[in-house]
Amino acid sequence: MSLVWKLLRQHISIPQFVGFFFANLFGMFIVMLGVQFYRDVMPVFTAQDSFLSSDYLIVSKKIGAATTLSGRSHDFSNAEIDDLAAQPFVRKTGRFIGAEYKVEARMGINGQSLLNTELPFESVPDEFIDVSSADWHYTPGAKTVPIILPRTYINMYNFGFARSHNLPKISDGLVGMIDMVIFIHANGRHDEYKGRVIGFSNRLNSILVPQAFIEWSNAEYAPGQQGEPNRLMMEVANPADERITQYLDQRGYEVEDDKLQAEKTTYFLKMVVLLVMAIGLVISILSFYILMLSIYLLVQKNATKLENLLLIGYSPGRVARPYQLITILLNVFVLLIAIVILWIVRSYYMQTIELLFPQIPEQSMLPAIGLGLLLLVVVSLFNMTAIRRKVMSIWRRKE
């Protein structure tokens, strides 16, 4: 082994190995950064509610000056709902049902009153809400009502009231800190209920309660006053389907929160990341060939001496091992440096992302590191196989 190392040191080309090192480092870093950046940024564009699937779209009629002056209704008729449900891109539809009575609420945090105002209550069919049935359940007549709040409410508290009053900020895991008392006024009755907040929604601008509560309370406090819905929820097979946009434009409908645009942005982001990763893979492949060229040149320069080693009893595996070890060490060193650089770059851009989007969830670096390890194993196996084949060709030649 020591003789082979001596031969290796005599003809090693530092510039060639440096070229391989930086090319492989650059390629591996680009691939890992593409994966990590995609995972870190994707929640910004696909900020899903844990309560609503990404395939659910909230549809309403466009509100403009012409429709307002003409007095045109913004509610959906049964015929319009049936027409929407019959479209080939729609799997199922659901109606938003609103409370037909006056609702006031007092909300507080740890005994500190935050809000005391009239609020809108709405519900959608329970099949559209992805929470435990135990959490999203209401028994008619019960005094505790499960509630999903718009995230804008808690954002106003976190970045306004909490900061100025030195109160703790509320995250999704601390919804139990919210105290809510509900007051219903209708037909001379004044009843009080306790609201149990189970989470926040990015896609709803009203307070969501179980459909069982809306149906019971409307019958209890406003019998015979059920109106037509002004918003619908539909499940689609593909939110990026062009037929959806064409249909909505023809009917004068719109999707709340520009969900279709978010889907297109997400698709574009995926394409950009895949393109960047493809470039990184190409660079990694080119660096692999640079290394193989360097090793082949080393072996070729030492061909005669290596043949003599084989003649005196050295096995092909023993002769190839030093060359294989140097490629593995270089690949491992490249991966470690790439992980360090990725961590530094990620720390820099995550500061900006978290400043703009405080609610964004923290993503792990393990998938990117795992991909780097996979590249390390694949490239090392190819290198070791190619080196052994080159040495075996010398072994066969001597025979």
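User: Let's start with Phe 121: is its side chain buried or exposed?

Analyst: In this predicted model, Phe 121 has 3% relative accessibility, so the residue counts as buried, the cut-off being under 20%.

User: Which ring does Phe 121 pair with, and how do I read the geometry?

Analyst: The general idea is that a pair of aromatic rings is described by the distance of the centres and the angle of the planes. Here the partner is Phe 213: the ring centres are 6.3 Å apart and the planes are at 70°, so the pair is edge-to-face. The two rings come from distant parts of the chain, with Phe 121 in strand 6 and Phe 213 in helix 6 (residues 211-221), 92 residues apart. Phe 213 is buried too, with a relative accessible area of 0%.

User: Which residues belong to the ring cluster around them?

Analyst: Ring pairs join Tyr 101, Phe 121, Tyr 138, Tyr 193, Phe 213, Trp 216 and Tyr 221 into a cluster. Tyr 193 has a further feature: the charged end of Lys 143 sits over its ring, 4.4 Å from the centre. You can look for a similar arrangement at Phe 76, where the charged end of Lys 61 lies over the ring, 5.4 Å from its centre.

User: How many aromatic pairs does the whole structure hold?

Analyst: A search of the whole structure gives 11 aromatic pairs. One of them is Phe 89 with Tyr 247, an edge-to-face pair at 5.9 Å centre to centre and 65° between the planes. Phe 89 sits in the loop between helix 4 (78-85) and strand 2, while Tyr 247 is in helix 7 (residues 242-251), so this pair links parts of the chain 158 residues apart. Phe 89 counts as buried at 4% relative accessibility, and Tyr 247 is likewise buried, with a relative accessible area of 4%.

User: Back to helix 6, please. Which of its residues are buried?

Analyst: The buried residues in helix 6 are Gln 211, Phe 213, Ile 214, Trp 216, Ser 217, Asn 218 and Tyr 221. Three of these names, Phe 213, Trp 216 and Tyr 221, are also in the ring cluster.

User: What do the buried residues of helix 6 pack against?

Analyst: They pack against strand 3 (97-98), strand 6, strand 7 (144-150), strand 8 (178-186) and strand 9 (189-201).

User: How do strand 7 and strand 9 run, parallel or antiparallel?

Analyst: Strand 7 and strand 9 run parallel and are joined by seven bridges. To find the register on screen, start at Thr 144, whose bridge partner in strand 9 is Lys 194.

User: And strand 8 with strand 9: parallel or antiparallel?

Analyst: That pairing is antiparallel, again with seven bridges. Phe 183 stands opposite Glu 192 in strand 9. The two strands form a hairpin with two residues between them, and Asn 187 takes a positive phi near 50° there.

User: Let's turn to charges. How many salt bridges are there?

Analyst: The general idea first: side chains of opposite charge can pair when their charged atoms come close. In this structure the count comes to 10 salt bridges. In one of them, the side chains of Arg 346 and Asp 40 meet at 2.8 Å, N to O. Arg 346 lies in helix 10 (residues 316-356) and Asp 40 in helix 2 (residues 14-45), so this pair ties together parts that are 306 residues apart in sequence. Both Arg 346 and Asp 40 are buried.

User: What does Lys 92 pair with?

Analyst: Lys 92 forms a salt bridge with Glu 235, with the closest N and O atoms 3.7 Å apart. Lys 92 belongs to strand 2 (residues 90-95) and Glu 235 to strand 11, so the link spans 143 residues in sequence. Lys 92 is partly exposed, with a relative accessible area of 26%, whereas Glu 235 counts as buried at 14% relative accessibility.

User: Which partner does Arg 231 have?

Analyst: Arg 231 forms a salt bridge with Glu 122, the closest N and O atoms being 2.3 Å apart. The pair connects strand 11, which holds Arg 231, with strand 6 (residues 121-123), which holds Glu 122, 109 residues apart. Arg 231 is buried, with a relative accessible area of 5%, and Glu 122 is buried at 10%.

User: Which residues are joined by salt bridges that share partners?

Analyst: Arg 91, Lys 92, Glu 127 and Glu 235 are joined into one network in that way.

Note on methods
Residues numbered from 1 in each chain as written. Predicted model: local features only at pLDDT ≥ 70, side-chain atom pairs only at ≥ 80, totals over all residues. Heavy atoms only, no water. Salt bridge = Lys/Arg side-chain N within 4 Å of Asp/Glu carboxyl O. Helix = DSSP H or I, 4+ residues; strand = E, 2+ residues; numbered from the N terminus. Buried < 20%, exposed > 50% of the residue type's maximum accessible area, 1.4 Å probe, protein only. Phe/Tyr/Trp six-rings, centres within 6.5 Å; stacked < 30°, edge-to-face > 60°. Lys NZ or Arg CZ within 6 Å of the ring centre and 35° of its normal. Contact = heavy atoms within 4.5 Å. Pairing = 2+ DSSP bridges.
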